[in-house]
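Open the structure in your viewer and keep the selection tool at hand. Each stop below gives something to select and then says what is there.

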Amino acid sequence: MKRLLSIIIATMMLTVTLFGSAIFADGENNSTVVIKDGTNNINVKGYYMTYQYKATKSGKLTMTFSEDPGPITLEDAKGNSISDKIYGTGKGDPRKFVWSVRKGTTYKFYMWYHTDSVRKYTLKLSTKKISDKNIKKKKATKLKLKKEKVGMVANGQKKASWFKIKFKKARKAKFIIKGKDIQGNLEVIFYKGKKKLTTTRINGHSKMKLYSAAFTNSVKNKMKKGTYYIKFVRWTSISGGDFSIKIK
């Protein structure tokens, strides 16, 4: 009985070791550290490191390291890449990384750390909340003239971000769309009711002004009376980010 108990304990210890750290043939170490909102002190050793995080709210997640950690790829819970390998996205600061995340979703941050030494980081997470209730056309966020609204398309998810505006009569209009922290491109599709009017793309450097003439062939270049929808969706599987939209 004692021998059997010893075998069970030894097996459990081996299982914990294997799941906690995977050893590669050339001695590289790939371990996973679970991180939470706030500040985390993390020891890093080896060539690769994975941080796992479950989003507490939907919005723009900013990761700030105490020093430049090198490039990071965002992955889903299964380890599939949902962003490019990036070297920091926070206004040119290599210590800051920004993604759009959805509440309750588990993410992995795969860090390409090229050194054999052991180093200690302080890692801080903060999330600026952005509403994600407008993922369906029937739940589109209502736009008002001259009032700016923000939205996001979460990294790794196919769900769109919908907006709508109703013109009670024909009028000229200008749609101002600004890309913020976007990886890759977002596709922007305009509809009048169910009819698709035009499609364009935005990225993190976009500041786009679309005038009435882009949507109608009328002589007066006015938007016709009716309800117009604007759909934002990721362009590729590694796209995502936030933006703003205003109509004048």
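The tour goes from the whole chain to single strands, residues and ring pairs.

**Whole chain**

Start with everything selected, and keep in mind that this is a predicted model. Colour by secondary structure: the chain has one helix and 18 strands. Of its 248 residues, 42% are buried. Switch on the surface next; the accessible area is about 14300 Å², and carbon and sulfur atoms account for 52% of that area. Among contacts between residues at least 6 apart in sequence, 73% join residues that are at least 24 apart.

**An open sheet**

Select strands 11, 18, 13 and 16, which form an open sheet in that order with antiparallel pairing. Which strands stand at the edges? They are strand 11 (149-153) and strand 16 (207-211); each has a single partner strand, so one side of each is left without a neighbour in the sheet. From one strand to the next, the twist averages 25°.

Now keep strand 11 and strand 18 (residues 240-247) only. These two run antiparallel and are joined by five bridges. For one bridge to look at, select methionine 152, whose partner in strand 18 is aspartate 242. As background, strands of a sheet pair through backbone hydrogen bonds, either parallel or antiparallel.

**Strand 5 and its partner**

Select residues 59-65, which are strand 5; six of its seven residues are buried. Add strand 7 (residues 96-101), which runs antiparallel to strand 5 and is joined to it by six bridges. Across this pairing, methionine 63 stands opposite phenylalanine 97 of strand 7.

**Aspartate 76**

Aspartate 76 belongs to strand 6 (residues 72-76). Show its side chain: a polar atom there lies 2.8 Å from the backbone nitrogen of asparagine 80. Leaving out residues up to four places away in sequence, aspartate 76 touches Ile82, Thr106 and Lys108. Then select threonine 105, which is 29 residues from aspartate 76 in sequence, with 8.5 Å between their C-alpha atoms.

**Serine 83**

Move to the loop between strand 6 and strand 7, where serine 83 is found. Is serine 83 buried or exposed? Its relative accessible area is 3%, and under 20% counts as buried, so serine 83 is buried. The side chain of serine 83 reaches the backbone nitrogen of leucine 74 at 3.0 Å. Beyond residues up to four places away in sequence, serine 83 touches Thr73, Leu74, Trp99, Asn155 and Ile238.

**Aromatic pairs**

Finally, show the aromatic side chains; the whole structure holds twelve aromatic pairs. Select phenylalanine 97 and tryptophan 99: their ring centres are 5.9 Å apart and their planes are at 10°, so the pair is stacked. Both phenylalanine 97 and tryptophan 99 are buried.

Next select phenylalanine 163 and phenylalanine 232, an edge-to-face pair with 5.8 Å from centre to centre and 80° between the planes. This pair links distant parts of the chain, as phenylalanine 163 is in strand 12 (residues 161-167) and phenylalanine 232, 69 residues away, is in strand 17 (residues 226-234). Phenylalanine 163 and phenylalanine 232 are both buried.

For the last stop, select Tyr51, Tyr53, Phe65, Phe97, Trp99 and Phe109, which ring pairs link into a cluster.

Note on methods: Residues numbered from 1 in each chain as written. Predicted model: local features only at pLDDT ≥ 70, side-chain atom pairs only at ≥ 80, totals over all residues. Heavy atoms only, no water. Pairing = 2+ DSSP bridges. Helix = DSSP H or I, 4+ residues; strand = E, 2+ residues; numbered from the N terminus. Axes fitted to C-alpha atoms, helices over the stretch in contact; angles between N-to-C directions. Contact = heavy atoms within 4.5 Å. Polar contact = N/O pair within 3.5 Å; in protein donor to acceptor, adjacent residues only side chain to side chain. Buried < 20%, exposed > 50% of the residue type's maximum accessible area, 1.4 Å probe, protein only. Areas by Shrake-Rupley, 256 points an atom, 1.4 Å probe, with all protein chains shown as cover. Phe/Tyr/Trp six-rings, centres within 6.5 Å; stacked < 30°, edge-to-face > 60°.
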